[in-house]
Amino acid sequence: MDISSFLFQPSVFLIWTSLVKTLFILFGAILPLVSLAVFAERKVSAFIQDRVGPNRVGAPTSLVGFKKDYSLWGLGQMVADPIKLLLKENFIPKSVNKFYYYIAPKLTMIPPLLVLAVIPFGSSFLGVPMVIANVDIGILFVFAVSSLGVYGIVLAGWASNSKYPFLGGIRSSSQMISYELALGLSVVPIFLICGTLNLSQIVDWQVKNGWLIAPFAVGGGSLSLVQRVLLWIPMVISFVIFLVSMFAETNRTPFDLPEAEQELIGGYHTEYSSMGFALFFLGEYAAMIAGSGVIVTLFFGGWSLPFIPDGSSHWLFGLTNIPDWLPGVVWGFVNINVFFAKVSLFIFFFIWVRWTVPRFRYDQLMKLGWIYFFEIALANIFLAALVLVYIK
Amino acid sequence: MAFVVQRPKLNLAEKLYLPAVLGGLLLTIRHFFKGAAGRNVTMQYPEVKWDDHLPEWYRGAPTLVADEWGRERCVSCQLCEFICPPRAITITPEEIPNSDPWAKVEKRPKEFEIDMIRCIYCGLCEEVCPEQAIYLRKDYSITGYTRAEMKHDKAKLYELGGVKAGVVNKWNEKK
């Protein structure tokens, strides 16, 4: 059997394409995006506070014979920050529980990366769907895995054997039980409307019937514009609850109680240095990216833009004498970029909110989660069901 | 006496948080675009310096000045050395030899050292000087790689100080 027919056996094909997609997501998208998000965090916070932000580190072109260095608006910081963290001493306090102290950062970092496995980040590319694992339990997988991230934080807080990390860990666990319920319930209307848990099919539904957060109907779906506007009402409620819960899920301000620099000196990662701290950092920003990805997929149509075809298209501005695969490649590429553009916008929104809204007090978060969001999300399910009954 | 602080009565919009959050977001995005357009208040230090904004009375590094004929004004009376609170000044006086054009002036400093690590920029040396020979100029960025480098000797002090012409009645405004 020659190599090409071996590679195109269905099972083998699935394995190596999944590997390629995983490598692309990890090293082509997540790591650069995390780096960029850290840089954006510093730059956006600086602009919001009327400062300049990092603007020195750039291309050291004078080292290779050019006349001057170019600062490139400080973009070199993207490289300098990880290098700094890598080169630092990994100091481990004597009093920690070594085993849990070691695995806690990894436990925080892995769940957000796993979440990305089920998110469709593009339509298709040469017939290969741009999602690593197209599983039918989609969103359940997301919830199941992303709530595992809290174990890393709790373990870090406990294993550090120090009071501030401990408080951070406790806060993290009790924060989790107060928002997780609302987070799960707020997306139930989506499944009522789309009739599926599979994230790829939810995106397909939105391609046909318009994004869930935007009441337009252009893709030739079964719903009319009036029906879309009616469905839009429960969707906005869902979106607000999901978004706020997502802020709590990713430990971002205004719900960054486990970290709370001012109160807990960094909270659960106080005792970590070097790569341990870097992994927490990576995990937090990867969670932000994964959370943005989930929001974009559920409410903002994933990789779709109105009037832009997907990877199965054979149309390229009416050109006729082009190879058959070219339109699919072009639009597949465009779709991937649309997805990451939307994700980047959401990352900007996360940062923007962080530098706007002060941290909630502890009881306020519990009250918000248990008394308001839980009930509203529950009522919203019935509202969505009633709307569905009315329009069907 | 104990008293009760009245909690403000919030209406529905305030209880919802959302209008306030949206207002805050609008405010910060305005600042974001202002900052992104480059209109921020940060002074880019090594490129832009304080020098143009220093007030007239700024107290920088103490320096020695010569008069308009090139005579060093200092006569080594050592008042500044005595008054200097951190004892940063060390003066070694010497007599002016007869061959010198300024031989009629009794003394001059053979060596005049100000240890800029010790100097606290208080300006007492300038105030006490009867000959109006020592002035605090506007140099504020005094740095060096070694301690020896941070000790300003006579040549360095004259180089920083330059020439001050005429009689400066530094007490006039304080009379």
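The radius of gyration is taken over C-alpha atoms, and the globule rule sets it at 2.2 Å times the number of residues to the power 0.38. The structure above is a predicted model, in which local features need pLDDT of at least 70 and side-chain atom pairs count only at pLDDT 80 or more, while totals for chains, interfaces and linings use all residues. Residues are numbered from 1 along each chain as its sequence is written, and chains are lettered from A and ligands numbered from 1 in the order in which they are written.

**Exercise 1. Compare the radius of gyration of chain A with the globule rule, and then describe the chain.**

Step 1. For 392 residues a compact globule would have a radius of gyration near 21 Å, and chain A, with 23 Å, agrees with this.

Step 2. Taken along the principal axes, the box filled by the C-alpha atoms of chain A is roughly 65 × 65 × 50 Å.

Step 3. A residue is buried if 20 or more other C-beta atoms, placed from the backbone, lie within 10 Å of its own (exposed if 12 or fewer, partly exposed in between), and 43% of the 392 residues in chain A are buried.

Step 4. Helices (H or I, at least four residues) and strands (E, at least two) are DSSP runs numbered from the N terminus, and chain A has 14 helices and 2 strands.

**Exercise 2. Find the domains of chain A and describe how they touch.**

Step 1. Domain bounds come from an automatic or database domain assignment, which divides chain A into domain 1 (19–53 + 93–391) and domain 2 (54–87).

Step 2. The C-alpha centres of the two domains of chain A lie 31 Å apart.

Step 3. Two residues are in contact if their C-beta atoms, placed from the backbone, lie within 7 Å; 12 residues of domain 1 of chain A are in contact with 10 residues of domain 2 of chain A.

Step 4. On the side of domain 1 of chain A that touches domain 2 of chain A, α2 (10–48) and α12 (274–299) of chain A each supply at least two residues, and α2(A) gives the most, with 6 residues.

**Exercise 3. Work out whether chain B is compact or spread out.**

Step 1. Chain B comes to 5 helices and 5 strands, which follow the pattern α-α-β-α-β-β-α-β-β-α along the sequence.

Step 2. The globule rule gives 16 Å for 175 residues, but the radius of gyration of chain B is 28 Å, well over that value, so chain B is more spread out than a compact globule.

Step 3. The C-alpha trace of chain B spans about 95 × 50 × 35 Å along its principal axes, and buried residues make up 18% of the 175 residues in chain B.

**Exercise 4. Trace the open sheet of 3 strands in chain B.**

Step 1. Two strands pair if DSSP finds at least two bridges between them; the sheet has the order β2-β3-β5 (chain B), with antiparallel pairing.

Step 2. Strands β2 (89–95) and β5 (151–152) of chain B are the edge strands, since each pairs on one side only.

Step 3. Strand β3 (residues 107–115) of chain B is joined to β5(B) by 2 bridges, and Ile114(B) stands opposite His152(B) in β5(B).

**Exercise 5. State how many residues each chain gives to the contact between chain B and chain A.**

Solution. Chain B gives 13 residues and chain A gives 11 residues.
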